Amino acid sequence: MVVSPQDQRMRSPDPAHSGDIQVAGAGTPIRQSSLWRDAKRRYVRNKGAVVAGAIFLIILAYCIIVPIVSPYDPDEVNFQDRFLPASLAHPFGTDAFGRDLFTRVALGGRISIMIGFAATFVILVIGLTYGSISGFVGGWLDNAMMRFLDALYGLPYLPFAIITLAIIGGTPTKWTMVLALSIASWFTAARIVRGQIITLKQNDYVRAATAVGARWYRVLARHLVPNTLGVLIIAIFLELPGVILGEAFLSFIGLGINPPAASWGSMAQEGRDVYRTHPSLILIPSLMIATLVLCANFIADGLRDALDPRTKET
Amino acid sequence: MIRFIIGRILWTIPVLLLVILMTFLMMRHIQGNPFRHSERAVSPEIQANLERKFNLDKPWYEQYFLYVKGVATFDLGPSLVLRNQSVNDIVREHFPKSLELGFLAMLFAVVFGIPLGVIAALRPNTVFDYGAMLFSNVGFAVPSFLIATLLIYFFALKWGDIFGLPTSGWTGWQSKILPVIALGLGPMAYFARLVRGTMLETLQQDYVRTAKAKGLSGRRVLMVHVLKNSLIPAVTAAGPLLGFLITGSFIIEFIFAIPGIGKYYITAVSARDYSVVMGLTVLLSVIVIVANMIVDILYGVLDPRTREVRT
Amino acid sequence: MALLEVKDLQTHFFTREAVVRAVDGVSFSVDKSKTLGVVGESGCGKSVTALSIMGLLPQPPAKIVGGSVNFEGFDLATLPEKSLEDIRGKEIAMIFQDPMTSLNPTLRIGTQIMETMQRHLGLDKGEARKRAIELLDEVHIPNAKDRLNDYPHRFSGGMRQRVMIAIAISCNPKLLIADEPTTALDVTVQAGVLDLLEELQAEHEMAMIVITHDMGVVAEAADDIVVMYAGQIVEQASALDLFDKPEHPYTEALLGALPQIEGAGIREGRLTAIPGRPPDLHDPPPACRFAPRCPYADRGDSCTVEEPQLREVRPGHWVRSAHPASERAREPVGAGT
């Protein structure tokens with residue numbers, strides 16, 4: 001097996017994290033309910049991950065429910081109510097146009113989170129395709145595909161996202177943002193999938209399937225790809241922070257979601273104009289982003305304990 | 001070893017060509033022919049001249065070839081908007097500032113992040129360790145525009161009388177402090193986490209026990225046996241960190257109004273100066289790809305095991 | 001006078017759930033130039049004993065809570081770390097089980113051999129280098145001069161263990177502790193490493209403690225033998241006497257587990273033939289710790305409610321059992337045949 005420095009990079013920044021020796025996630029067929037039960041037990045033991053998961057769900061619920069039940073029209077301009085401080089009627093206060101921030105932050109969250117998950121999905125699809133081809137075919141093709149990834153590692157996604165938005169032209173929408181954010185961000189996902197496929201390929205049950213004459217596409221579809229599910233679930237929460245921050249950056253520099261449509265990034269940009277007098281307008285959306293990213297990191301950590309215990313050294 | 005280095009350098013060339021091609025095709029797609037856009041009304045004659053000047057009358061593969069040739073000779077072509085400036089001029093003017101910002105931020109991250117990780121690993125599960133890791137987690141999650149804004153709010157405005165730091169610009173050392181911290185905080189958090197993890201792992205290794213069994217002083221065990229093996233993985237973090245710094249510099253230069261590459265990039269996109277956008281994109285990509293190459297080679301030098309496996 | 005005298009050593013591990021009494025009152029001594037064999041299953045506390053002597057246990061969770069380790073007038077159990085450093089590698093050296101991981105992968109082996117001598121003998125680089133080449137010759141590594149510049153991954157397991165041995169003897173230690181020195185090696189190179197250890201012991205007049213789970217290893221090398229079980233010594237005698245007339249049922253089982261007592265097959269012996277497993281050490285009941293696995297212990301026996309003490313059944317032969325072989329002369333030896 002080729003030991004490349006990139007394999008080292010792929011490790012979590014915190015590999016020597018305490019943990020128990022567990023049954024292998026990758027080596028066992030996933031069609032075992034006990035495997036998932038074990039995973040749940042291990043996840044629940046990680047207190048940070050449990051709390052993060054709860055906060056994550058609360059934020060999701062807030063973003064979904066509040067705009068529906070809110071008495072305020074999020075787009076209605078009302079100059080008499082500009083910059084109201086936080087109160088019972090307006091828990092987050094109001095913005096420069098007198099709009100209720102509590103409602104608008106929830107709406108912005110919908111867009112940010114939606115873009116986050118959609119772009120993560122696209123990233124995983126590309127990564128799964130690239131990674132499984134590379135890992136499954138192996139040989140010189142794998143070598144070439146991986147060295148290509150090695151070389152691109154760390155390529156900044158922002159310029160490519162900006163170019164992509166420029167190609168599509170017009171005002172960026174949710175969907176063009178999704179495309180722009182995924183175009184140069186799939187390298188890590190591809191590498192994770194490829195590593196997993198290579199590990200799986202060496203398993204006896206995969207060899208057995210090949211030995212009894214299963215066709216390659218059947219081996220791939222039936223044995224290999226389903227067993228990458230664990231790492232893909234982890235990868236969702238590994239990729240999500242980057243994408244959410246990316247959306248925020250693009251919108252913040254004015255190249256992403258534009259007012260009056262709102263995302264947390266574009267709201268932070270609006271808030272930036274008045275941060276000297278009304279800092280809460282940039283603080284609230286920014287802290288929402290930070291909380292979500294922090295939660296995603298902890299969830300990824302917990303999921304790694306739960307689903308892929310072997311990725312960390314004990 | 002020499003074979004490994006040459007192999008790695010040779011391998012970089014097709015990747016560079018491919019990335020330039022990707023960028024080129026993407027840009028061509030937006031660009032089409034910029035002079036046929038209705039915004040700038042020009043006579044057919046001038047248009048033909050311009051097209052010749054920018055090689056737009058030639059087939060795309062020839063344009064690509066000419067462009068690559070230009071890149072190879074460090075000529076990124078002329079600007080479309082600023083008629084008497086070349087992309088090279090723009091790079092020469094703006095790049096040093098970005099380079100300085102990035103370098104200082106990296107220095108900040110290394111100087112504070114590595115010791116933080118080392119100390120946390122030496123006192124695992126203490127208040128200090130938890131504090132350092134909480135700081136690291138938060139530092140990595142908070143968007144840099146918030147950090148930058150808060151830094152300006154407190155150190156340039158609220159306590160401006162005490163610190164006397166300017167809110168923007170890139171002249172004199174006072175103006176550089178806040179942007180460097182704002183940009184370096186994320187990489188610093190990353191380093192601290194990474195080094196703590198690899199340190200804890202290394203401390204468990206049998207060879208560290210051997211070193212102690214030899215009666216070596218605690219200092220020597222730490223400096224020679226633990227630290228080197230812990231920091232080798234940190235070297236490989238340079239690739240992603242460089243990407244992080246480039247992305248971050250877009251935001252930081254935007255907020256602090258630093259006339260660097262990132263800020264100019266945004267300006268160029270807004271002005272539809274596509275040859276500048278393309279030139280800068282290619283430049284940034286080349287920097288990352290070459291940095292990756294150097295990291296790989298460095299890793300080979302530092303860790304004797306990878307050398308032979310990879311040749 | 002004994003070179004090393006361990007008295008009633010108690011080393012406990014303080015984990016979140018419980019206190020594990022890994023070493024629970026162990027006493028033995030090693031004379032100059034002699035070899036002591038410490039035998040037992042994995043987890044019986046033999047490695048922890050060795051690491052306690054060296055002061056190499058991670059603290060926390062481990063802590064020496066009682067007893068003493070006397071070495072040339074010092075009590076190593078209470079000696080401050082700084083003074084311990086002067087003794088480690090110079091007076092007492094140690095080699096470990098897994099030579100694949102015991103050498104630093106990113107340092108040339110020359111550096112790793114030389115640094116010990118530079119530390120303890122005050123040699124400069126040139127002198128240390130010269131000595132290192134001699135040492136590699138001494139442990140029979142060919143092309144010593146060139147191999148000094150190689151990294152560990154260029155060496156096979158057996159060769160790495162030889163490098164470890166070269167490091168260990170570099171400062172002429174008075175005592176060498178070998179913790180499972182051959183366990184991780186291929187069967188074919190085990191004998192070579194053992195022969196080398198014996199050869200070097202004679203040459204350097206070192207005392208040795210050989211820790212192993214393999215009766216075959218101590219049969220060849222040891223003058224005296226200590227058999228450990230569940231953190232305690234269960235039998236202690238000269239090698240001749242122990243192999244000739246084992247007293248403790250556990251020792252009998254160990255010997256019975258050998259494919260044959262004499263002949264070439266000796267080292268393949270593994271302790272697989274004893275049914276059951278050692279007890280948990282966090283709260284051992286007041287009983288003989290071997291009783292649950294002992295073929296001679298009945299339900300009503302005193303040894304199931306009271307812990308037997310280590311006693312001398314004949315001069316120089318100590319045993320901790322209610323049923324030593326010599327006191328049940330008429331019973332057939334049941335285990336392992």
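In the predicted model, helix α1 of chain C is followed by G55(C), a residue whose phi is positive, near 70°. The helix that precedes this glycine is mostly covered, with nine of its nine residues buried. These buried positions are K46(C), S47(C), V48(C), T49(C), A50(C), L51(C), S52(C), I53(C) and M54(C).

The surroundings of α1(C) are set by a sheet of chain C. This open sheet comprises eight strands in the order β6-β7-β8-β3-β9-β10-β12-β11, and its pairing is mixed. Strands β6 (92–95) and β11 (311–314) of chain C occupy the edges, where each has a single partner strand, so one side of each is left without a neighbour in the sheet. From one strand to the next, the twist averages 20°. Within the sheet, strand β7 (residues 175–179) of chain C pairs with strand β8 (residues 207–212) of chain C in the parallel sense, over five bridges. In this pairing A178(C) stands opposite V210(C) of β8(C). Helix α1 (residues 46–54) of chain C packs on the sheet and touches β3 (35–39), β6, β7, β8 and β9 (224–229) of chain C. The direction of α1(C) makes about 145° with that of β7(C). Helix α7 (residues 157–169) of chain C also packs on the sheet, where it touches β6 and β7 of chain C. The direction of α7(C) makes about 175° with that of β6(C).

Chain C also contains an open sheet of four strands, ordered β2-β1-β4-β5, in which the pairing is antiparallel. Its edges are formed by β2 (19–30) and β5 (74–75) of chain C; each has a single partner strand, so one side of each is left without a neighbour in the sheet. Strand β1 (residues 4–14) of chain C is joined by eight bridges to strand β4 (residues 62–71) of chain C, and the two run antiparallel. Eight bridges likewise join β1(C) to β2(C), again in an antiparallel arrangement. The link between β1(C) and β2(C) is a hairpin through four residues. Residue E5(C) illustrates both pairings: its bridge partner in β4(C) is N70(C), and its bridge partner in β2(C) is S29(C).

Chain B presents another architecture. It has 14 helices and zero strands, and the C-alpha trace of chain B spans about 85 × 60 × 30 Å along its principal axes. Of the 311 residues in this chain, 45% count as buried. Among contacts in chain B between residues at least 6 apart in sequence, 73% connect residues at least 24 apart.

One helix pair of chain B shows how its helices meet. The axes of helix α12 (residues 261–270) of chain B and helix α13 (residues 274–302) of chain B come within 8 Å and cross at roughly 145°. The crossing of α12(B) past α13(B) is left-handed. From α12(B), the contact involves I261(B), Y265(B), A268(B) and V269(B), while α13(B) contributes V276(B), V277(B) and L280(B). By class, this contact of α12(B) with α13(B) has seven nonpolar residues, no polar residues and no charged residues.

Between chains, two pairs are in contact, and chains A and B share the most contacts. The contact takes 53 residues from chain B and 46 residues from chain A. On the side of chain B that touches chain A, the residues divide into 33 nonpolar, 14 polar and six charged. By contrast, no contact joins chain A and chain C, whose closest C-alpha atoms lie 13 Å apart.

The largest nonpolar core has 265 residues. Those with the most contacts inside this core are A161(A), I299(A), M94(C) and I177(C). Helix α13 (residues 280–307) of chain A provides the largest share of the core, 17 residues. Setting aside residues up to four places away in sequence, I299(A) touches A49(A), A52(A), G53(A), F56(A) and F237(A).

Terms used. Residues numbered from 1 in each chain as written. Chains lettered and ligands numbered in written order. Predicted model: local features only at pLDDT ≥ 70, side-chain atom pairs only at ≥ 80, totals over all residues. Buried ≥ 20, exposed ≤ 12 C-beta atoms within 10 Å, placed from the backbone. Contact = placed C-beta atoms within 7 Å. Nonpolar A, V, L, I, M, F, W, Y, C, P; charged D, E, K, R; others polar. Axes fitted to C-alpha atoms, helices over the stretch in contact; angles between N-to-C directions. Left-handed = near helix turned anticlockwise from the far one by under 90°. Pairing = 2+ DSSP bridges. Core = buried A, V, L, I, M, F, W, Y, C linked by C-beta atoms within 7 Å.
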